[in-house]
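Subject: Structure handover

Hello,

Here is the structure I said I would pass on. My notes on it follow below.

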Amino acid sequence: MAYTLQIGESAPEFNLLATDGKHYSLSDFADARALVVFFTCNHCPFVKGSDEVTRESALKYGPQGVAFVAINSNSATSYPEDSYEKMIERTHEHKFPWTYLHDAEQDVALAYGALRTPHFYVFDADRKLIYTGRATDSPKDAEKITTHDLNNALEDYLAGREVAVPLTNPLGCNVKWEGKDKRWMPEEACDLVLN
């Protein structure tokens, strides 16, 4: 069985606390034409380097009915900067145009097979996976971006086309798992071969 959610599979359910103090589940985004779920955090240089690019995507596609949901599954034991309290601070500081959820038990990261921060998943109106991987080919340094994979996938879908490149390799720091070394990844995730 593949570790990461496969193209065509349904979005796993979640019920997580957001930085606004409310809980959110898939049903809260039922009206969206497409749903972008991405695993992120507060400390990762790949996240910090790409947040503004992600913001541009959210602002561009939000009016077209695309909802953006960020999930922080990182262990705050490994990185105190990834705590819920720091999530709230960062959201207030940056005024992100997405819902920012805390996966304290890391169950949602496991259900999706999140590998890195950031790691993006795009679901269609039926909440079937149509794209997963990176947003761009240079998340750490926006000036070096040559490919906007997330935007390309959304453009294809919104235009009624099949997504030309549905799978890319997520680029970033690995998810920080509770009780594990900071560089640990699940064994079944280590043999993934993505182009």
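**Strand 3 and the sheet**

Strand 3 (residues 34-40) and strand 7 (residues 119-123) run antiparallel and are joined by 5 bridges. Please keep in mind throughout that this is a predicted model. Within that pairing, Phe 38 has Phe 120 as its bridge partner in strand 7.

Strand 3 is also joined to strand 4, in this case by 7 bridges, and these two strands run parallel. Here Phe 38 stands opposite Ala 70. Strand 3 and strand 4, together with helix 1, make a right-handed β-α-β unit.

How many of the residues of strand 3 are buried? The count is 7 of 7, so the strand is mostly covered, given that buried means under 20% relative accessible area. The cover is on both faces: Ala 34, Val 36, Phe 38 and Thr 40 are buried on one side, and Leu 35, Val 37 and Phe 39 are buried on the other.

The wider sheet is open and is formed by 7 strands in the order 2-1-5-4-3-7-8, with mixed pairing. Its edge strands, each pairing on one side only, are strand 2 (23-25) and strand 8 (129-133). From one strand to the next, the twist averages 30°.

Strand 4 pairs with strand 5 (residues 99-102) in the parallel sense, over 4 bridges. In this pair, Asn 72 stands opposite His 102 of strand 5. Helix 2 lies across strand 1 (15-18), strand 4 and strand 5, and it runs at about 170° to strand 5.

**Salt bridges**

Side chains of opposite charge can pair when their charged atoms come close. With a cut-off of 4 Å between a side-chain nitrogen of Lys or Arg and a carboxyl oxygen of Asp or Glu, the count comes to 8 salt bridges. Three pairs are described here.

In the salt bridge between Glu 81 and Lys 48, the closest N and O atoms are 3.4 Å apart. Glu 81 lies in the loop between strand 4 and helix 2, while Lys 48 is in helix 1 (residues 45-61), so the pair ties together parts that are 33 residues apart in sequence. Glu 81 counts as partly exposed at 36% relative accessibility, and Lys 48 counts as partly exposed at 45%.

Asp 51 forms a salt bridge with Arg 90, with 2.8 Å between the closest N and O atoms. This pair links distant parts of the chain, as Asp 51 is in helix 1 and Arg 90 is in helix 2, 39 residues apart. Are the two residues buried or exposed? Asp 51 is buried, with a relative accessible area of 6%, and Arg 90 counts as buried at 10%.

Lys 86 and Glu 89 meet through their side chains in a salt bridge of 3.7 Å, N to O. Both are in helix 2 and are 3 residues apart, so about one helical turn separates them. Lys 86 counts as partly exposed at 37% relative accessibility; Glu 89 counts as partly exposed at 47%.

**Lys 176 and Ser 78**

Lys 176 lies in the segment after strand 9 (173-174). Which side chain of opposite charge is nearest to Lys 176, and how far away is it? It is Asp 82, at 7.7 Å; Lys 176 is buried yet has no salt bridge. With a salt bridge requiring atoms within 4 Å, the distance of 7.7 Å to Asp 82 does not meet the cut-off. Leaving out residues up to four places away in sequence, Lys 176 touches His 43, Ser 73, Asn 74, Ser 75, Ser 78, Tyr 79, Gln 106 and Lys 182.

Ser 78, one of those contacts, is found in the loop between strand 4 (66-72) and helix 2 (84-94). Ser 78 is buried, with a relative accessible area of 14%. Leaving out the same range of sequence neighbours, Ser 78 touches Lys 176, Trp 177, Lys 180 and Lys 182. Ser 78 and Gly 179 are 101 residues apart in sequence, while their C-alpha atoms are 8.1 Å apart in space.

Regards

How values were computed
Residues numbered from 1 in each chain as written. Predicted model: local features only at pLDDT ≥ 70, side-chain atom pairs only at ≥ 80, totals over all residues. Heavy atoms only, no water. Buried < 20%, exposed > 50% of the residue type's maximum accessible area, 1.4 Å probe, protein only. Contact = heavy atoms within 4.5 Å. Lys, Arg positive; Asp, Glu negative; His and termini not counted. Pairing = 2+ DSSP bridges. Axes fitted to C-alpha atoms, helices over the stretch in contact; angles between N-to-C directions. Right-handed = clockwise from strand over helix to strand, strands pointing away.
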